[in-house]
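Here are a few exercises to work through with the model open in your viewer. Each one sets a task and then solves it step by step.

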There are 2 protein chains.
Amino acid sequence: MQFSVRLPVATHILLCIGKFQGEYKTTSTFLAGSVNVHPVIIRKTLGQLRAAGLVEVAAGVGGAKLTKSPRDITLLDVFRAVEEEEDLFHFQENPNPQCPVGRNIHRVLGTRLEKIKQHMMDDLAGITLEELLHAVDEEN
Amino acid sequence: MQFSVRLPVATHILLCIGKFQGEYKTTSTFLAGSVNVHPVIIRKTLGQLRAAGLVEVAAGVGGAKLTKSPRDITLLDVFRAVEEEEDLFHFQENPNPQCPVGRNIHRVLGTRLEKIKQHMMDDLAGITLEELLHAVDEEN
DNA sequence: CATAGGTGTAATAATATATGTTACAATGGA
DNA sequence: TCCATTGTAACATATATTATTACACCTATG
């Protein structure tokens with residue numbers, strides 16, 4: 001089990017926009033060429049990033065740009081833009097309420113797994129687009 | 001996107017075995033009744049837990065028991081028993097190597113997401129079956 | 001003001017993964 | 001031998017993901 005390609009793809013898109021801003025017009029076709037996905041996937045993802053207030057897309061003429069400094073965009077922003085707000089783990093519905101384990105499992109496990117998800121969010125919040133742009137430039 | 005129900009279900013199974021050991025014979029049908037899944041799912045999961053050395057299952061007669069103290073079983077053990085060893089996030093294959101972002105994204109993002117996964121594993125390793133059994137008994 | 005290149009979005013398809021179910025040979029105690 | 005049970009394969013179903021096609025709409029520009 002792993003998370004979908006959406007966070008990596010969205011991050012890739014933002015890095016390209018940040019890196020090529022002013023230099024190239026970052027259209028969906030241009031971005032699709034770097035990421036290696038269908039341009040429609042790029043447009044859908046850009047739509048999510050736009051809804052989250054991270055980018056502006058030029059209607060008609062085309063191209064996207066960041067609405068804030070890369071310093072102020074974190075992976076948590078990206079994660080929230082492209083992933084549903086939900087529990088980290090899926091719980092089985094309707095465990096047996098007659099069983100002491102069944103009637104407590106969701107509370108007992110759920111609260112602990114919730115904390116783990118919170119740590120993950122905190123970690124994501126600690127990574128900025130700026131840091132990633134610098135790392136990309138190191139070209140190792 | 002969320003992880004499958006497997007970790008919660010496997011944990012539920014172990015908690016039942018730990019709680020009812022000696023009291024009831026924890027057959028797949030018995031466990032299925034508490035978890036609310038098909039007995040075959042329980043048997044498959046028990047098979048994974050057995051392969052990981054966490055339980056023993058009595059062939060023929062039926063019933064399962066823990067091979068170690070609940071103090072020595074952590075959620076990381078359970079996670080590893082039922083989930084594939086893989087990256088937290090799925091990466092897009094073949095990003096464009098001509099693009100500075102495309103040829104660096106996997107290294108730059110991958111290493112950082114790898115650390116986040118490691119934190120998750122550390123968190124899971126800090127939760128023991130014993131702690132969960134106590135919490136279940138609190139019946140709140 | 002027509003056009004070319006671009007976006008937004010719906011519809012559909014293809015694929016993968018997760019979960020549920022049936023079936024049945026094999027096990028081992030009563 | 002009989003019976004409850006396990007282990008496992010095969011198949012079915014549901015859901016999520018990703019790819020693709022199609023097309024109406026937008027806007028700078030010749």
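**Exercise 1.** Find how the protein meets DNA strand D in this predicted model, beginning with the backbone of Gly63(B).

*Solution.* Start with the phosphates. A polar backbone atom of Gly63(B) sits 3.4 Å from a phosphate oxygen of DNA strand D. Next, turn to side chains: Arg6(A) places a polar side-chain atom 3.4 Å from a phosphate oxygen of this strand. Then look at the bases, where a polar side-chain atom of Arg43(B) lies 2.8 Å from a base oxygen of DNA strand D. Now ask which elements give two or more residues to this surface: they are helix 3 (39–51) of chain A and helix 3 (39–51) of chain B. To finish, widen the view to the 27 residues around DNA strand D, of which His38(A), Gly60(A), Met1(B), Ser28(B) and Arg43(B) come nearest. Of the strand's atoms within 4 Å of the protein, 59% belong to sugar or phosphate, and the rest are base atoms.

**Exercise 2.** Now do the same for DNA strand C: which residues come nearest?

*Solution.* Of the 27 residues around DNA strand C, the nearest are Ser28(A), Arg43(A), Gly60(A), His38(B) and Gly60(B). Sugar and phosphate make up 58% of the strand's atoms that come within 4 Å of the protein. For a base contact, check Arg43(A): an N or O atom in its side chain is 2.9 Å from a base oxygen of DNA strand C. For phosphate contacts, go to chain B. Ser4(B) has a polar side-chain atom 3.4 Å from a phosphate oxygen, and an N or O atom in the side chain of Arg6(B) is 3.3 Å from a phosphate oxygen. Sorted by class, the surface near DNA strand C has 10 nonpolar, 10 polar and 7 charged residues.

**Exercise 3.** Work out what symmetry relates chain B to chain A.

*Solution.* First, superpose the copies: a turn of 180° with a shift of 0.0 Å along the axis lays chain B on chain A with an RMSD of 0.0 Å. That is the relation of a two-fold axis. Then locate the axis: in chain B, the C-alpha nearest to it is that of Met120(B), at 3.6 Å. Lastly, compare the contact residues: 100% of those of chain B recur in chain A, so the same surface serves both copies.

**Exercise 4.** Describe the largest pocket.

*Solution.* Begin with its space, about 160 Å³. Then list the lining, which includes Thr26(A), Ser28(A), Arg43(A) and Gly63(A). Helix 3 of chain A gives the largest share, 4 residues. By class, the lining has 4 nonpolar, 6 polar and 2 charged residues.

Notes. Residues numbered from 1 in each chain as written. Chains lettered and ligands numbered in written order. Predicted model: local features only at pLDDT ≥ 70, side-chain atom pairs only at ≥ 80, totals over all residues. Heavy atoms only, no water. Least-squares fit on C-alpha atoms with pLDDT ≥ 70 in both. Contact = heavy atoms within 4.5 Å. Near = heavy atom within 4 Å. Polar contact = N/O pair within 3.5 Å; in protein donor to acceptor, adjacent residues only side chain to side chain. 1 Å grid on protein atoms, 1.4 Å probe; cavity = no way out; pocket = protein on both sides within 12 Å on 5 of 7 lines; lining within 4 Å. Points joined across faces, edges and corners; volume = space filled by probe spheres on them. Nonpolar A, V, L, I, M, F, W, Y, C, P; charged D, E, K, R; others polar.
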